[in-house]
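Hi,

Here is the structure I promised to pass on. Have a look at it first, and then read on for what turned up.

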Amino acid sequence: MAFNPEKELKKLQKEVNSAFEKINDKVGEFWRKNIDPGTSPSSDITHDNRKVTINFYLPRIKRKNVILLVDNNKVTLEAYLKKKGKVKDVERFYREIKLPDGLNTEKTRQHWQNGVLTLEIFKKR
């Protein structure tokens, strides 16, 4: 069998990607085990033939204290709640959701109303 550099590079790339996915999973597992489970905001996910919709429920949090990132087939949400009367007392909320293939993460729409952040991610055509 002749050496095929293209085939070998693809195999190596697949192995490296798999290793990074495992590391990411372990970091996420560590994060989930070592934070207060109450600090992950609740959410729900729905989909239809055009888009995936994610609702994050963030009562008492102001929109300016929310960071939402959509990239690399995942959604990352961080939010901060400053507690009244305490100078540096801040509660941090974190949620990461893996997205399925076939979504156009460049085409999204966000809406904030009454402590609910709605994110729509449209499917590729």
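Let me start with a pair of charged side chains: Asp-48 and Lys-51 are joined by a salt bridge, with 3.5 Å from N to O. Asp-48 is partly exposed, with a relative accessibility of 31%. Lys-51, on the other hand, is buried, because its relative accessible area is 11% and the cut-off for buried is under 20%.

Before you go further, keep in mind that this is a predicted model. The average pLDDT for the protein is 83, and 84% of the residues reach at least 70. Confidence is lowest in helix 1 (residues 5–33), where the mean is 74, and highest in strand 7 (residues 116–123), at 95.

As for the general layout, you'll find 1 helix and 7 strands. Along the sequence they come in the pattern α-β-β-β-β-β-β-β. Of the 125 residues in the protein, 26% are buried.

Back to the salt bridges: the structure has 5 of them. Another one links Lys-74 and Glu-96, whose closest N and O atoms are 3.8 Å apart. Lys-74 belongs to strand 4 and Glu-96 to strand 5 (residues 90–98), so this pair ties together parts that are 22 residues apart in sequence. Both ends count as partly exposed: Lys-74 has 22% relative accessibility, and Glu-96 has 29%.

Helix 1 has a salt bridge within it as well. Glu-6 pairs with Lys-10, and the closest N and O atoms are 3.5 Å apart. These two sit 4 residues apart in helix 1, about one turn of the helix, and both are exposed.

Now for the surface. Leu-9, Leu-12, Val-16, Phe-20 and Ile-23 make a nonpolar patch of about 500 Å². Ile-23 is in helix 1, so do remember the mean confidence of 74 there. There is also a positive patch, formed by Lys-62, Lys-64, Lys-82 and Lys-84. Of these, Lys-82 is in strand 4 (residues 74–82) and is exposed, with a relative accessible area of 60%.

One last spot to look at is Arg-60, in the loop between strand 2 (51–57) and strand 3 (66–71). Arg-60 is exposed, at 65% relative accessible area. Its C-alpha atom is 8.9 Å from that of Asn-114, although the two residues are 54 residues apart along the chain.

Cheers

Definitions and conventions
Residues are numbered from 1 along each chain as its sequence is written. This is a predicted model: local features need pLDDT of at least 70, side-chain atom pairs count only at pLDDT 80 or more; totals for chains, interfaces and linings use all residues. Side-chain values use heavy atoms; hydrogens and water are left out. pLDDT is the predictor's confidence in each residue, from 0 to 100. Patches are made of residues with over 30% relative accessible area and no salt bridge: like charges are joined within 9 Å, nonpolar side chains (Val, Leu, Ile, Met, Phe, Trp, Tyr) within 5 Å. Accessible areas come from the Shrake-Rupley method with a 1.4 Å probe; for residues, only the protein chains shown count as cover. A salt bridge is a side-chain nitrogen of Lys or Arg within 4 Å of a carboxyl oxygen of Asp or Glu. Lys and Arg count as positive and Asp and Glu as negative; His and the chain ends are not counted. The place of a charge is taken as NZ of Lys, CZ of Arg, CG of Asp or CD of Glu. Buried means under 20% relative accessible area, exposed over 50%, partly exposed in between (1.4 Å probe, protein chains only).
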